[in-house]
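Student: Hi! Could you walk me through this one before I set up my next job?
Tutor: Happy to, let's pull it up.

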Amino acid sequence: MTSPSIVWFRDDLRLADHPALRAALDRGEPVVCLYVLDEESDGVRPLGGAARWWLHHSLASLGERLAERGAALILRRGPAAEVVPAVVAETDAGAVFWNRRYSLPERDIDAGIKSDLRDAGVEVASFAASLLFEPWTVRTGADKPYSVFTPFWKACRDLPAPRAPLPEPRDIPGPRSQPDGDDLEDWGLLPTTPDWAGGLRETWEPGEPAARRRLRAFLDDDLADYDRSRDEPAAGVTSGLSPRLRWGELSPYQVWHETIHSAAADRHPGPTQRFLSELGWREFAWHTLFHFPDLATRNWRAEFDAFEWPRLKPSHLEAWQKGRTGVPLVDAGMRELWHTGVMHNRVRMVTASYLVKNLLIDWRRGEEWFWDTLVDADAASNPFNWQWVAGSGADAAPYFRVFNPELQAEKFDKHGEYVRQWAPDSAGVEQLVDLKRSRQAALDAYEAVKRAR
Ligand code: FAD
C-alpha cells in the first residue's frame, strides 16, 4: 500500500528551489500536487483583478510543467481547513508538505491544519522558501523587531548567508489514480467583458520558465546600470522580477545566488549590493507585516490615527485612478499601471505621494487600488510602501516631505520619454488641484499628528 505525499502549493508556483516538493520526493512515495483557491476562510483578503489574471496563467504553466514530469496539479476551491484534510482522506496520504506563509489569517489557517493532521497521525512539515531570513530570527539587541531598514539589513547580513537553492526535480511520480480536481477555466479568474487584460497579455508571460529567463537577462544586460539608472522610469534597467517573487515563480534564494555568482557581480560590486538591498526591502516589508499583521488597515505609527482625512471626493480619486489629474508624471504612472499591471518604483512613490499629500486621500484608498491593479500586489510590500509614503509606516519618509511631481519628472524623466510613452496628452491640461496650495493644506493637516505625538 502506498501512502502518497501531498505538496500544497501556495505562493510558490515553481518546481526549482521548492523545499516542500523536495521533501515529498525524498519521502519516496507518489506525490499529489495540490493548489487550493481559498476565498472563503475568515479574514482572507480576496485577490485583486490583475492578481487573478496572473494566478490563472501561472497555474496553467505549473500544471503543464508538472504533467511533463509525471505529476498533475489538482485544483480545489474552498476553505483550506476543509479542503486539505479532505484530499488527505481521499488519497490516503501519509504526509503533507508546504512552504511557509507569513501573513494573517494564513499563518493561523496553516497552524490549525498542521495540528489537526498531526493529531490524525499524518506527517506535516513546513519550510522556509519565500523569505531569505525568518522573521523571528532578526531581532534588535533589545530583542525587538527592527523598525529602521539600515540596521535591519545589517543584522540580516550578519546572519548565516541564505542557503543555496535546490535543483529542479526531473521526475515527479504521481499516484496511479489522481484525485479529482476543478478545471482552471471554471474558476473565472480571467476577465470576461469588458476584457481589460490586453495590456497584461502584451506585457507578461507568467510562469517559471519566463521568470528564469528574465533573471538571466537582467543580470547579463541591466545589472551594471542598476545603481545609476534604477530611478529613471524610461531606462528599463530594473529587474521586473516583482511579480515573479510575488507568485513564487522564482525564490529569493535563486535570485540571491544567481546574482552573487553572476559574471556581472564580479565586475559591478556596487550595483550588485544595491540590487541585493532591494531584496532586503522586500524582507523588511514582510518582517514588518509578520510583527504587525494589520499593516493594510492600521497606521503602523499610532499617532497618525489623529490625522483627520477630509471627506473623500470620489471625482478626485477617480481622476487619479484613471490618470487624469493633469500632472504628467502622475498620469503616466497611473496609466502604465492600468496597462501593464506594474509601475516603476520611483513613479509609485510619486503617484502615492500625490494621492495622499496633494489630494489628501487616505492611503488605504490608494493601497486598495494598487491591490486591485498590480500583478505584483502582495500582502506586505503594498501596504508597507503605502505607509512609507504616507509617513505612517516603518522607517517612513516624514510626512512633511512632499514629492513635487514636476521636479521629480525634471530629475528622473529628463527627456520626457516616460511621460510621452504613457500620457502624451497630459501636459498643458488643467491640473485637478494646485500643487503648491494642496501641499500647504497637507502640511497644515499634519499639525494634528504632531500635536498627538
Ligand atoms: P527591482 O528594482 O529590480 O528590485 C528587485 C526586487 O526587490 C523587486 O522585484 C522587489 O521584490 C524588491 N523590492 C524593490 N523595492 C522594494 C520595496 N520598496 N519594497 C519591497 N520590495 C521591494 N512591490 C511589490 O513587490 N509588491 C507591491 O505590492 C508593491 N507595492 C508598492 C506600492 C508603493 C506605493 C510603492 C512606492 C512601492 C511598492 N512596491 C511593491 C515596491 C517596488 O515599487 C516594486 O517592488 C518594484 O517597482 C518592482 O520592480 P522591479 O522588480 O523591477 O524592482
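Tutor: We can go through the ligand site, then a nonpolar core, then some backbone details.

Student: Before that, what kind of model is this?
Tutor: It is a predicted model, so please read everything below as computed from that prediction.

Student: Okay, ligand site. How many residues surround the ligand, and which are the closest?
Tutor: The ligand is surrounded by 26 residues. The closest are Tyr-226, Thr-238, Ser-239, Gly-240 and Asn-345.

Student: Which helices supply at least two residues of that shell?
Tutor: There are α8 (242-246), α11 (269-291), α14 (345-358) and α16 (381-390), each supplying at least two residues. The largest share comes from α11, with five residues.

Student: And how do the shell residues divide into nonpolar, polar and charged?
Tutor: The shell has 13 nonpolar residues, eight polar ones and five charged ones.

Student: Where does the ligand lie relative to the domains?
Tutor: It lies between domain 2 (131-162 + 207-291) and domain 3 (302-452), because both of them give residues to the shell.

Student: Nice. What does Arg-348 do at the ligand, atom-wise?
Tutor: Arg-348 places a polar side-chain atom 3.3 Å from an oxygen atom of the ligand.

Student: And which residues have polar atoms by a nitrogen of the ligand?
Tutor: Asp-376 is one, with a polar backbone atom 2.9 Å from a ligand nitrogen. Asn-382 is another, and there a polar side-chain atom sits 3.2 Å from a nitrogen atom of the ligand.

Student: How much of the ligand's area does the protein bury?
Tutor: Taken alone, the ligand exposes 820 Å², and the protein buries 96% of that.

Student: Switching to the packing. Which residues touch the most other members of the largest nonpolar core?
Tutor: That core has 45 residues, and the ones touching the most other members are Trp-320, Met-334, Tyr-354, Phe-370, Trp-386 and Tyr-399.

Student: Which helices supply at least two residues of this core?
Tutor: They are α12 (314-322), α13 (328-340), α14, α15 (363-373), α16, α18 (417-422) and α19 (435-452). Of these, α14 gives the most, seven residues. As background, nonpolar side chains tend to be buried together in soluble globular proteins.

Student: So α14 turns up in the ligand shell too. Is Asn-358, in that helix, buried or exposed?
Tutor: Asn-358 counts as buried because its relative accessible area is 6%, under the 20% cut-off. Its C-alpha is 19 Å from that of Lys-450, with the two positions 92 residues apart in sequence terms.

Student: What about α11, then? Phe-290 is in that helix, so where does it stand on accessibility, buried or exposed?
Tutor: Phe-290 has 16% relative accessibility, so it counts as buried. The C-alpha atoms of Phe-290 and Pro-145 are separated by 9.8 Å, while the two are 145 residues apart along the chain.

Student: Now backbone oddities. Which peptide bonds are cis?
Tutor: One is the bond from Leu-104 to Pro-105, with omega near 5 degrees. Another is the bond from Thr-193 to Pro-194, with omega near -5 degrees.

Student: Where do those prolines lie?
Tutor: Pro-105 is in the loop between β4 (95-99) and α4 (106-119). Pro-194 is in the loop between α5 (149-158) and α6 (198-203).

Student: What else is in the β4 to α4 loop?
Tutor: Ser-103 has its place there. Ser-103 is buried, with a relative accessible area of 10%. Ser-103 and Ala-380 are 277 residues apart in sequence, yet their C-alpha atoms are 8.0 Å apart in space.

Student: Which non-glycine residues have a positive phi?
Tutor: Asp-92 has a phi of about 60 degrees, and Asp-143 also has a phi of about 60 degrees.

Student: Where are they, and how exposed are they?
Tutor: Asp-92 lies in the loop between α3 (80-91) and β4, and it is partly exposed at 44% relative accessible area. Asp-143 is in the loop between β5 (123-127) and α5. With 52% relative accessibility, Asp-143 counts as exposed.

Student: Great, thanks!
Tutor: Anytime!

Methods
Residues are numbered from 1 along each chain as its sequence is written. This is a predicted model: local features need pLDDT of at least 70, side-chain atom pairs count only at pLDDT 80 or more; totals for chains, interfaces and linings use all residues. Side-chain values use heavy atoms; hydrogens and water are left out. A residue is near a molecule or strand if one of its heavy atoms lies within 4 Å of it. A polar contact is a pair of N or O atoms within 3.5 Å; within protein, one must be able to donate a hydrogen and the other to accept it, and residues adjacent in sequence count only if both atoms are side-chain atoms. Accessible areas come from the Shrake-Rupley method with a 1.4 Å probe; for residues, only the protein chains shown count as cover. Helices (H or I, at least four residues) and strands (E, at least two) are DSSP runs, numbered from the N terminus. Ala, Val, Leu, Ile, Met, Phe, Trp, Tyr, Cys and Pro count as nonpolar, Asp, Glu, Lys and Arg as charged, and the others, Gly among them, as polar. Domain bounds come from an automatic or database domain assignment. A nonpolar core is a set of buried Ala, Val, Leu, Ile, Met, Phe, Trp, Tyr and Cys residues joined through side-chain atoms within 4.5 Å. Buried means under 20% relative accessible area, exposed over 50%, partly exposed in between (1.4 Å probe, protein chains only).
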